[in-house]
Protein chains: 4
Amino acid sequence: MKSDSNTDWQFKLHGIIYESNTPAGKAFDIGLLIAIFTSIIVVMLDSVVSIHAKYGQMFSTLEWVFTALFTVEYILRLVSIRKPFRFVWSPLGIIDLISLLPSYLSIFFIGAQSLLVFRALRLLRVFRIFKLGQFLTEINFLTHALKNSLRKISIFLLTVLTITVILGSIMYLVEKKENGFSNIPESIYWAIVTITTVGYGDISPITPMGKFVASVVMLIGYAIIAVPTGIITHDIALAARQKKELPESCPSCSREGHDSDALFCKFCGSSLYR
Amino acid sequence: MKSDSNTDWQFKLHGIIYESNTPAGKAFDIGLLIAIFTSIIVVMLDSVVSIHAKYGQMFSTLEWVFTALFTVEYILRLVSIRKPFRFVWSPLGIIDLISLLPSYLSIFFIGAQSLLVFRALRLLRVFRIFKLGQFLTEINFLTHALKNSLRKISIFLLTVLTITVILGSIMYLVEKKENGFSNIPESIYWAIVTITTVGYGDISPITPMGKFVASVVMLIGYAIIAVPTGIITHDIALAARQKKELPESCPSCSREGHDSDALFCKFCGSSLYR
Amino acid sequence: MKSDSNTDWQFKLHGIIYESNTPAGKAFDIGLLIAIFTSIIVVMLDSVVSIHAKYGQMFSTLEWVFTALFTVEYILRLVSIRKPFRFVWSPLGIIDLISLLPSYLSIFFIGAQSLLVFRALRLLRVFRIFKLGQFLTEINFLTHALKNSLRKISIFLLTVLTITVILGSIMYLVEKKENGFSNIPESIYWAIVTITTVGYGDISPITPMGKFVASVVMLIGYAIIAVPTGIITHDIALAARQKKELPESCPSCSREGHDSDALFCKFCGSSLYR
Amino acid sequence: MKSDSNTDWQFKLHGIIYESNTPAGKAFDIGLLIAIFTSIIVVMLDSVVSIHAKYGQMFSTLEWVFTALFTVEYILRLVSIRKPFRFVWSPLGIIDLISLLPSYLSIFFIGAQSLLVFRALRLLRVFRIFKLGQFLTEINFLTHALKNSLRKISIFLLTVLTITVILGSIMYLVEKKENGFSNIPESIYWAIVTITTVGYGDISPITPMGKFVASVVMLIGYAIIAVPTGIITHDIALAARQKKELPESCPSCSREGHDSDALFCKFCGSSLYR
């Protein structure tokens with residue numbers, strides 16, 4: 001039947017584009033990564049004035065070639081799955097569209113081409129190479145540990161933000177507009193630069209009182225930096241312990257490959273723990 | 001009886017203003033947070049010269065609206081509890097008063113309005129949103145761990161301060177006034193900037209000898225930063241272990257909700273541990 | 001007998017000056033700390049040109065008062081112990097002498113007074129306040145943990161130094177003298193500033209190649225900073241476990257107060273462990 | 001037989017040059033380290049213009065002396081082993097050759113002498129001093145722990161690099177060429193400087209929007225720095241536990257000296273674990 005063979009063709013294409021455990025899928029993934037890398041390097045080099053002057057024309061052609069390639073890839077991604085809109089609205093789908101649009105927009109709007117930098121977002125696909133290698137266990141382990149830390153880290157970041165707003169406001173009072181702390185948002189920016197120990201030095205305290213407050217901010221930042229580290233270290237240790245405790249194979253049917261948060265065997269449904 | 005109904009009215013108001021587990025209390029808390037946020041953003045934007053020029057009049061009106069709102073809130077807080085002075089002298093009460101005063105002071109003293117930045121302190125109420133969400137366990141856990149670290153962290157900060165005073169004094173001798181190290185407090189400020197790895201670059205060593213001393217300071221700071229991290233990581237792990245060991249429900253009366261440092265059931269008084 | 005009463009007098013003085021668990025000893029320690037603090041603040045303020053102009057004469061008098069006080073204290077320390085040379089050559093004794101000499105030297109040599117900054121070293125006595133408070137357990141715990149880390153941290157620092165020498169040398173080749181990397185020691189200084197993430201910005205790469213090498217240095221520094229933290233965290237956890245395992249009271253004579261590294265009871269000599 | 005005595009001579013030389021547990025080997029190692037240190041310090045000082053002007057001639061002579069010494073050492077290393085090419089292509093062999101070549105190249109090419117800085121790579125031999133001291137256990141322990149972290153750290157560095165490419169590209173759009181973000185590679189350099197908290201300040205955001213994006217980058221960097229620390233801390237704890245569990249002597253033949261990852265006795269082949 002025609003519709004059946006069509007599905008079969010769809011299934012094969014899906015295997016190549018979305019999977020990476022077949023030789024064809026692997027080759028597609030590697031090829032795509034090389035194309036993404038090259039296209040980003042072209043955008044990068046094109047932004048350098050002296051290089052643009054020499055090779056601008058060539059880069060422009062290359063960008064259209066890559067846009068064509070990625071458009072074909074995008075269409076293939078859509079036709080190879082049964083519910084294409086699921087992909088369109090998925091994070092990766094949106095990124096793929098964003099990296100395509102600037103080229104087409106540049107036909108109608110001058111300057112839209114500069115949005116090509118968003119193509120850098122496609123670099124996130126680089127993490128697929130872990131699927132190709134042996135890194136899967138490690139990346140799973142890390143993401144699992146970080147997911148656990150997320151809530152605590154967000155509490156931490158909110159605390160830091162509150163502190164910087166308060167300290168930035170105080171600093172705005174202490175140092176006046178003349179000394180670079182021209183308004184409160186600027187002072188908060190300074191507080192963030194200081195508490196994160198980045199310290200550009202574009203704004204820095206001038207008055208003795210300001211230097212005193214700044215010293216307090218720095219010492220607070222010095223002690224505070226330890227908090228997220230403590231949180232993540234703890235959650236990594238926790239994730240490691242859980243991984244250890246998790247039986248690799250089901251005690252009932254002895255099949256393997258269970259997720260790190262699985263409580264029941266996904267094959268026979270019996271509990272993974274005694 | 002009149003006095004009774006009065007107390008009842010007080011009790012209801014107290015439930016709305018001080019608690020957040022009733023729908024009315026939740027709504028009040030969220031409304032208050034929005035008002036605080038907006039008022040702080042108004043103060044922030046008003047400090048930007050170009051924006052002040054345009055919307056200064058509007059901001060001035062808004063600031064009075066917020067002052068009126070917060071004054072009403074402050075009075076309601078006072079009347080809804082039996083011992084209002086307890087609130088007045090509590091940290092949150094003092095912050096609330098401090099955030100009100102500048103507006104009223106500005107009537108009598110020109111420039112007092114700039115003290116409005118202290119309204120940023122009210123941002124500390126932001127941590128009430130954790131009461132609304134699921135973050136309570138995490139925030140309890142973190143504060144518990146940090147409370148344990150407090151003593152060790154203060155020993156650490158005293159050590160760092162002593163080191164910076166000594167190193168700053170030495171640097172004042174090595175680099176002379178001509179090179180920016182104009183006096184000892186300034187040199188200590190430099191030592192703090194360096195040891196915390198902030199490194200503004202507003203003062204930096206010029207002579208070879210000064211650069212050598214600075215390198216030593218940096219390497220010391222590099223090794224020292226590990227200490228608070230080690231302390232906090234350890235105390236987080238400790239707090240986690242204690243939490244784990246703590247029985248959630250009393251083994252005698254099986255009621256729950258015990259504090260993390262509780263040794264005996266707060267309902268029946270029997271030991272929580274075997 | 002005279003000699004006996006003399007020893008008795010010596011013993012009492014020793015109790016006041018060297019010990020801090022008697023009321024007189026506590027008072028002496030607190031008084032000494034206040035004197036040290038004040039004298040250092042006088043030296044600090046005297047280094048500020050504008051303050052020196054106003055109060056220079058007063059500060060000069062105060063410095064002589066403190067020098068007299070500390071000289072008396074130094075002599076008392078010598079006479080109250082039987083082997084005074086032990087104290088003279090101990091670290092604290094050398095520091096005490098160093099903080100006295102500049103005042104006397106300034107009579108003969110102009111400018112020797114600037115060496116008064118070394119009086120800051122006396123701040124190290126500040127750690128005696130822990131003897132007064134409840135901090136003793138924590139400071140013992142921390143020094144014990146850090147002593148264990150010492151070897152590993154020194155390996156780490158040697159590695160960092162080697163890396164900075166190599167990277168600094170390479171950077172000297174990449175960026176030329178014109179770009180601030182005027183010689184190899186200067187380039188090594190830059191590498192230390194960069195790898196410790198201080199980043200003054202007094203020297204920073206200009207050429208694209210230099211910026212690339214600098215980026216590599218930064219990322220190395222970013223990953224490397226984790227090593228001392230890991231080491232110290234581990235040794236703190238280890239020290240905590242050992243402390244836990246250590247029986248608080250001797251299993252034989254049940255007396256308490258054993259050091260964290262004690263293996264045998266200091267009162268009855270039997271093993272503290274089964 | 002002549003060839004046999006030759007091998008014997010080779011064997012003795014090998015013991016002196018490559019080993020360090022004999023007195024002669026120790027003396028050779030220490031002498032070599034002193035020579036390397038001195039030669040590097042000569043190269044360093046020679047790069048300082050003012051010192052070069054005075055002692056340039058002397059340094060030039062010294063450099064030839066060291067080159068001669070190291071050439072002899074290199075030849076001895078070759079003749080004392082049976083498969084000299086193995087050494088030539090080993091990392092240490094390549095470093096030794098690289099540190100010799102510049103002097104000889106400088107005869108033919110003017111300026112080649114500046115490549116002498118690569119002699120700094122020989123400093124890596126400094127880690128041999130650990131073989132002389134008691135540090136061997138610690139360095140083995142650390143390298144073992146770090147080897148375990150390698151994969152996770154490389155995932156982390158790839159993530160950081162991807163983030164900096166994306167954030168740098170966005171910043172290039174937000175801040176224009178006029179504000180120092182002259183092209184995308186430059187913007188990525190800025191993102192690395194910022195996320196690693198180095199913060200030179202040679203490029204820093206000027207527009208409010210740019211400062212906002214920069215603040216986000218800093219806070220991300222602040223939270224992200226915790227990840228490698230957590231990883232390494234965990235792997236150090238793991239390595240410590242494994243070391244503890246590892247029996248020092250084989251339970252069958254009781255011989256010692258097994259590697260930390262050994263599962264079976266390397267002498268009798270029986271399992272090291274029950």
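Colleague: How far apart do the C-alpha centres of domain 1 and domain 2 of chain A lie?

Modeller: This is a predicted model, in which local features need pLDDT of at least 70 and side-chain atom pairs count only at pLDDT 80 or more, while totals for chains, interfaces and linings use all residues. Residues are numbered from 1 along each chain as its sequence is written, and side-chain values use heavy atoms, with hydrogens and water left out. Chain A is divided into domain 1 (2–133) and domain 2 (138–241), with bounds that come from an automatic or database domain assignment. Between the C-alpha centres of these two domains of chain A the distance is 37 Å.

Colleague: What relation holds between chain C and chain A?

Modeller: Copies are superposed by least squares on the C-alpha atoms of residues with pLDDT of at least 70 in both. A turn of 180° and a shift of 0.0 Å along the axis lay chain C on chain A with an RMSD of 0.1 Å. That is therefore the relation of a two-fold axis.

Colleague: Which rotation axis relates chain A and chain D?

Modeller: Chain A can be laid on chain D by a turn of 90° with a shift of 0.0 Å along the axis, at an RMSD of 0.1 Å. The two copies are thus related as by a four-fold rotation axis.

Colleague: Why do chain A and chain D meet through different surfaces?

Modeller: Contact here means heavy atoms within 4.5 Å. The copies meet through different surfaces because, of the interface residues of chain A, those that are also interface residues in chain D make up only 14%.

Colleague: How is helix H8 of chain C oriented to helix H9 of chain C?

Modeller: Helices are DSSP runs (H or I, at least four residues), numbered from the N terminus, and their axes are lines fitted to C-alpha atoms over the stretch in contact, with angles from 0 to 180 degrees between N-to-C directions. H8 (residues 184–195) and H9 (residues 208–224) of chain C pack at an angle of about 50°, their axes 8 Å apart. Angles under 35 degrees count as roughly parallel, over 145 as roughly antiparallel, 65 to 115 as roughly perpendicular and the rest as oblique. H8(C) is therefore, with respect to H9(C), oblique.

Colleague: Which residues of H8(C) make the contact with H9(C)?

Modeller: On the H9(C) side the contact is made by C:Ala214, C:Val217, C:Met218, C:Ile220 and C:Gly221. From H8(C) the residues are C:Trp190, C:Thr194 and C:Ile195.

How values were computed
Chains are lettered from A and ligands numbered from 1 in the order in which they are written. Helices (H or I, at least four residues) and strands (E, at least two) are DSSP runs, numbered from the N terminus.
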